[in-house]
Amino acid sequence: MNNFELILQKSETNALTLEEREFVEVHKQIISCGEMTGRYFVEMCQKIKQMRDQKLFRAAGFESFGEYTETALKIKERQAYNYAKAADDFSEKYLEEHSSLGITKLGYIAKLTAGEREEIEENLDLLASSTKDVDEAVKAALRERDEKQKQLDIFAEENESLKAELAERESGQDSLQKAFEEKKAELAEAKKQADDLKAKKSDLEQKLKEARAAAKEVKTVPDEESKKFAEEQRARADELEQKLRETNAQLIAVKEQKKTIATDELLVFKVKFDDLQRLGEEIGRALSGMEEENAIKCKKALNAILDGWKEDMGL
């Protein structure tokens with residue numbers, strides 16, 4: 001503990017020499033004046049701001065704030081605005097603690113955020129530095145801020161571009177999936193029609209067989225009723241044969257339709273596309289488990305294939 005701290009401790013018990021007592025008294029006055037200076041500086045900034053904002057100077061016949069400051073306060077309008085701006089930009093505590101910097105330096109650092117001010121204060125003694133040094137430090141901080149903002153803007157733009165690209169891809173996949181589902185539904189309907197026609201064909205064939213068999217059972221010397229029955233069965237057999245021919249024709253058409261749908265390029269593409277996605281995931285897992293040297297070689301080979309596909313398919 002140095003002598004200064006010892007004297008301050010002894011002052012609490014009045015165990016001081018005459019010289020030490022005089023030192024403590026003058027020291028406390030200096031501290032008090034410094035605190036008052038800071039407090040008065042804050043109040044001056046606030047009052048100048050009040051005079052400007054409420055236009056109180058008009059009551060004394062001044063037409064403008066500048067006329068008031070230059071005539072009544074003997075300071076330039078720009079300097080007065082700096083005091084008012086300090087009251088806007090800084091907290092009372094900060095102004096009181098940094099009043100010794102002067103309004104010019106405060107005007108410079110007012111352009112900075114609280115975080116930027118703290119960073120400058122860590123690297124530069126604002127009180128001991130010249131106003132030029134403070135100005136240059138502030139300009140450097142502002143340039144750094146602008147550069148960071150540019151990077152953020154670029155990142156935001158790239159992010160929006162990626163989001164738009166992703167949305168477009170998702171939209172394309174949704175459209176592909178929708179078209180694929182429609183084709184699947186068409187194929188399912190064609191299969192159902194084919195199954196229904198097969199069942200109808202089988203039923204007609206059974207009924208035709210029964211009708212022909214019934215027509216043959218007529219006696220050698222048939223009576224009129226047997227003849228009539230036989231004619232009815234032959235007519236029914238003819239009608240069933242016609243329906244069977246129509247059903248066979250429909251069945252052939254539906255089978256052809258089913259075959260066409262099943263070989264549709266869209267269905268083929270979707271199946272192969274799904275296979276490709278699964279294969280891509282498997283390749284990705286294989287690459288992640290490789291040693292770096294082998295992975296680099298494999299990626300080059302993969303890129304060559306992909307580039308070839310892009311050229312061939314016009315992607």
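At 40% relative accessibility, aspartate 53 counts as partly exposed. In this predicted model, the side chain of aspartate 53 forms a salt bridge with that of lysine 49, with an N to O distance of 2.8 Å. Lysine 49 is also partly exposed, at a relative accessibility of 22%. The two residues lie four positions apart in helix 2, and about one helical turn therefore separates aspartate 53 from lysine 49. An α-helix has 3.6 residues a turn, so residues three or four places apart point the same way.

The pair belongs to a network of salt bridges that links Lys49, Arg52, Asp53 and Asp88. Arginine 52 of this network is located in helix 2, which runs over residues 18–54. With a relative accessible area of 17%, arginine 52 is classed as buried, because the cut-off for burial is under 20%. When neighbours within four places in sequence are left aside, the contacts of arginine 52 are Phe57, Phe65, Tyr81, Ala84 and Asp88. Asp88 thus appears both among these contacts and in the salt-bridge network.

Ala84, another contact of arginine 52, is one of the buried residues of helix 4, the others being Ala80, Tyr83, Ala86 and Ala87. These buried residues cover an arc of only 150° around the axis, so they are placed on the same side of helix 4. Helix 4 comprises 13 residues, 77–89, and at 1.5 Å a residue its expected span is 18 Å; the C-alpha atoms at its ends are 18 Å apart, in agreement with that value.

Ala80 of helix 4 is also touched by threonine 69. Threonine 69 is part of helix 3, which covers residues 65–73. Its relative accessibility is 0%, and threonine 69 therefore counts as buried. Apart from residues up to four places away in sequence, threonine 69 touches Lys74, Ile75, Lys76, Glu77 and Ala80.

Over the whole structure, ten salt bridges are present. One of them joins arginine 145 to glutamate 116, with the closest N and O atoms 2.7 Å apart. Arginine 145 lies in helix 8 (residues 131–216) and glutamate 116 in helix 7 (residues 114–123), so this bridge ties together parts that are 29 residues apart in sequence. The two partners fall into separate accessibility classes: arginine 145 is partly exposed at 31% relative accessibility, whereas glutamate 116 is buried, with a relative accessible area of 15%. Together with Arg117 and Ile120, Glu116 makes up the buried residues of helix 7. The arc that they cover around the axis is only 100°, which puts them on the same side of helix 7.

A further salt bridge is formed between the side chains of glutamate 144 and lysine 148, at 3.4 Å from N to O. Both residues are in helix 8, where a spacing of four residues sets glutamate 144 and lysine 148 about one turn of the helix apart. Glutamate 144 is partly exposed, with a relative accessibility of 37%.

Nonpolar side chains were also examined at the surface. Leu276, Leu279, Ile283, Leu302, Ile305, Leu306, Trp309 and Met313 make up a nonpolar surface patch of about 670 Å². Two or more residues of the patch come from each of helix 10 (265–288) and helix 11 (292–313). The largest contribution is that of helix 11, which supplies five residues. Isoleucine 283, one of the patch residues, is located in helix 10. Its relative accessible area is 31%, and isoleucine 283 is therefore partly exposed. This value satisfies the requirement for patch residues, because a relative accessible area of over 30% is needed.

At the level of the whole chain, eleven helices and zero strands are assigned, in the sequential pattern α-α-α-α-α-α-α-α-α-α-α. The protein chain has 315 residues, of which 23% count as buried. Among contacts with a separation of 6 or more, 58% involve residues 24 or more positions apart. The exposed area of the protein chain is about 23,000 Å², and 52% of this area is supplied by carbon and sulfur atoms.

How values were computed. Residues are numbered from 1 along each chain as its sequence is written. This is a predicted model: local features need pLDDT of at least 70, side-chain atom pairs count only at pLDDT 80 or more; totals for chains, interfaces and linings use all residues. Side-chain values use heavy atoms; hydrogens and water are left out. Patches are made of residues with over 30% relative accessible area and no salt bridge: like charges are joined within 9 Å, nonpolar side chains (Val, Leu, Ile, Met, Phe, Trp, Tyr) within 5 Å. Accessible areas come from the Shrake-Rupley method with a 1.4 Å probe; for residues, only the protein chains shown count as cover. A salt bridge is a side-chain nitrogen of Lys or Arg within 4 Å of a carboxyl oxygen of Asp or Glu. Buried means under 20% relative accessible area, exposed over 50%, partly exposed in between (1.4 Å probe, protein chains only). The expected span of a helix is 1.5 Å times one less than its number of residues. The arc is that of the directions from the helix axis to the C-beta atoms. Contact means heavy atoms within 4.5 Å.
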